[in-house]
Amino acid sequence: MLRTILAVTMVALGFGSTTNGDAHPEYELWYTQPAKKWLEALPVGNGRLGAMVFGGVEAERVQLNEDTVWAGPPVPRARAEMVAAMGAARKAWFAGDYATATKLVQGAMAPRISPRSHQTLGDLRLSFELPGKAESYRRDLNLDTGVAATRFSVDGVNYRRDVLASAVDDVIVVRLTADQPGKQTLTVALDRPADFKTIAIGDDTLVMSGQAQHKGKQKGVFWQGVLKARCEDGKAEAVGNRLKITGADAVTLYVAACTDYNMDHPAEPLSRDRQAHNEATLAKAMAKPYELLVADHVRDHRSLFRRCTLDLGGHDANARPTDERLKAVKQGGDDPALVALYFQYGRYLLMGSSRPGCMPANLQGLWNDKVAAPWNADYHVNINLQMNYWPAEVTNLSECHEPLLRFTERLAPSGRATARTVYNARGFVAHHTTDAWLHTAPFGRAQYGMWPHGAGWLSQHHMERYRFTGDAVFLRERAYPVLKQAALFYLDYLTEDPATGKLVSGLDTSPENRYRGADGKVYNLSMGCSMSQQIVWDVLTNTLEAAAVLGIDDGFTKEVEAARGKLYEPRIGGDGRLMEWVKPFDEPEPGHRHISHLYALHPGRQYNFRDNPSLIAAARKSIDHRLSHGGGHTGWSRAWIINFFARFKDGDAAHHHTLMLLRKSTHPNLFDNHPPFQIDGNFGGTAGIAEMLLQSHVGDSRLGYEVELLPALPKAWARGSFRGLRARGGVVVDLAWKDGRPTAGTVTSDRGGVVTLRYGDNVVKVETPAGVAVEVPKALYR
Ligand code: FUC
């Protein structure tokens, strides 16, 4: 009898209605078969914990992650030999002896560090006893609720399994239900590809633990994951290191995990009692009724997710499984609703891998099934980490930006030590990559490692956070100190080109690219690479802008201003292209994936139509050249290209490259493909789509920004709308359009004041009270 009442209650609740009450098919990734491969599984995440859900029927795999499971240190050592080597190498390079310059610099770099990686936490494996074959199978991920569900029926019984990662309760939860009682019979196991031990405690608990390491070396954090099962009716018991559950009506599995990683001082592990921490987290989560835990999770999730909507039409396609839609696009089709889904997926992934207090989203966000991930799933700061955060402010997820900003601040002490030791410079520096251990020294091969602009580029994010939010306290207490440190480094590091007297960066690289010298040999290192000069310009300009807002005018700002005035500016070559290096070198790889010399166009804002149209035209030629030689072959590179074309205000080209991102670089679960997976393409793609619809990079913090509506709207999106995109100056824009022109819209300014709006060649100024939506004047677009 009790069982019958329970089953009826479940039906009355709508059998999952707590999560899917108001269904939004436009927010669903869905499939009619389980995932065979990891790149078909569906991600959930709460910023710190993540899971990949396969949706298997008899055998379910939920692959688990925690964002601080890292092997290592030690870290590469900053070597003081570089100070003398760099001086001599610069002289050699200016004299045309590139070989000697390279030898000197390479000789002073630290050796490459041996593999250590962010690692998988492990796998939750469920083996079910079912009386027959599954029918009516469907698995989906609802981006609006943050719940992955698997549904099917066997022998007339309807089964449903939900997986979510709650940020409120800091647990991953798996809920197994059916519409008839007593149908849950399964075993529960926790395992991992390497270096773990799982034990059962009592009848309902599994504990898996170990130390992250690589082949017995690079010993890193101690980690622990704890699973507790709660059965409704039925029986649970431990069998060896597994749990056996028999005849339950419903089962809820709760997973908590943590490590001894110390966010503030990575070299000193926390003395945290991991078992106690996990037990306490589980006790709190399990004290809540499941429905309440889900309701809290959905409320929290939606408070971020629902801030921004995008409708590009074509909704009928939502009735088809996601993998079939992707296939149709790969075969040459278009699917605007899939593009809108991809856009929202990028926001979802950022929410899932980057919440305040967590590690920043790494090369795979935090979803990683390996103990040695591609590029160690680390923090490459020569574009990849920054690209992860391009959508943060504009798509209204400013909180999700926080882990990156904090990471930069955590990196600063190491960066200061490296600046001092390696360059005898003030300020802070970071080279091409870093990881959980916050190393900043140049290491490995000069081709990729001799690139000292990681910190400079990262500091842009502090300024952008201020530009979007107008948070003056943040500017004074966090952004300015970071910008000042980045600028100080450049004041000491830049050197005069003896031929021109201009200040140049170097020796460094145009990231990972190479050129042919007059001797026919291939080199990487150069003075005055265009990207370096542009990043330096950006840092010095941002510093001066921040100082002006804060009313700071001192010896330091004067020095910065003088340096900026002397900065060598990249030039246009004889063929009309923006030059990547100071000389028109022959390029062995003209389709190279990094398009570094266009930094000033995007993500910088030095080149724009108002201030320097001739440089925009040259940049366009450069990118056309790259593309005609096979450029854009990695997902992140393609995503960057979308952003470039949005800045060129060429909506059709941006749209073409958006489709190419889906066609060439997207997996069935919509993860970005840089064989195998790198999440930056997802984030860069989302940012690119936003950039097509709204831009605000012209202007500054004191004079205000021009908010441009539909700067790069493609013909293919003739009709649509968005809500909740954010512009610099603290402005939220809602807009609808038809036949390629706005039809209605509002702007809401956080602090009130005059907002300048542009549409095409028309500009209007709108007076806005703080927090009140004001209609976009029709005169702007009529
Ligand atoms: C950069 C890129 C590679 C890869 C790596 C993680 O160095 O050149 O393509 O994305 O980062």
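**Helix H8**

I looked up helix H8 in this predicted model. H8 covers residues 336–353, which makes 18 residues. I compared its length with expectation: the first and last C-alpha atoms lie 26 Å apart, close to the 26 Å expected at 1.5 Å a residue. I then checked burial. In H8, 18 of the 18 residues are buried, so the helix is largely enclosed by the rest of the structure.

**Packing of H7 on H8**

I turned next to helix H7, residues 322–330, and its packing against H8. The two helices meet at an angle of about 115°, and their axes are 10 Å apart. I recorded the crossing of H7 and H8 as left-handed. On the H7 side I listed Thr322, Arg325, Leu326 and Val329; on the H8 side, their partners are Ala337, Leu338 and Leu341. By class, the residues of this contact comprise five nonpolar, one polar and one charged.

**Serine 354**

I asked where serine 354 is placed. Serine 354 sits in the loop that runs between H8 and strand S18 (379–380). Is serine 354 buried or exposed? Its relative accessible area is 0%, and under 20% counts as buried, so serine 354 is buried. I also searched for polar partners of its side chain: there is a polar contact with the side chain of tyrosine 389, at 2.7 Å. Leaving aside residues up to four places away in sequence, I found serine 354 touching Gly47, Met359, Ala361, Tyr389, Cys400 and Pro403. Tyr389 thus appears both as the polar partner and in the list of touching residues.

**Methionine 387**

I located methionine 387 in helix H9, which spans residues 384–388. Methionine 387 has 0% relative accessibility and therefore counts as buried. I asked which residues methionine 387 touches, not counting those up to four places away in sequence. They are Trp636, Ala639, Trp640, Asp680, Gly681, Phe683 and Gly684. For one of these, alanine 639, I noted the C-alpha separation from methionine 387: 9.1 Å, although the two are 252 residues apart along the chain.

**Helix H20**

Contacts of methionine 387 such as Asp680, Gly681, Phe683 and Gly684 led me to helix H20, residues 680–693. I tested its length in the manner used for H8. At 1.5 Å a residue, its 14 residues should span 20 Å, and the end C-alpha atoms are 20 Å apart, which agrees. I closed with its burial: 14 of the 14 residues of H20 are buried, and the helix is mostly covered.

Note on methods
Residues numbered from 1 in each chain as written. Predicted model: local features only at pLDDT ≥ 70, side-chain atom pairs only at ≥ 80, totals over all residues. Heavy atoms only, no water. Helix = DSSP H or I, 4+ residues; strand = E, 2+ residues; numbered from the N terminus. Expected span 1.5 Å × (residues − 1). Buried < 20%, exposed > 50% of the residue type's maximum accessible area, 1.4 Å probe, protein only. Polar contact = N/O pair within 3.5 Å; in protein donor to acceptor, adjacent residues only side chain to side chain. Contact = heavy atoms within 4.5 Å. Axes fitted to C-alpha atoms, helices over the stretch in contact; angles between N-to-C directions. Left-handed = near helix turned anticlockwise from the far one by under 90°. Nonpolar A, V, L, I, M, F, W, Y, C, P; charged D, E, K, R; others polar.
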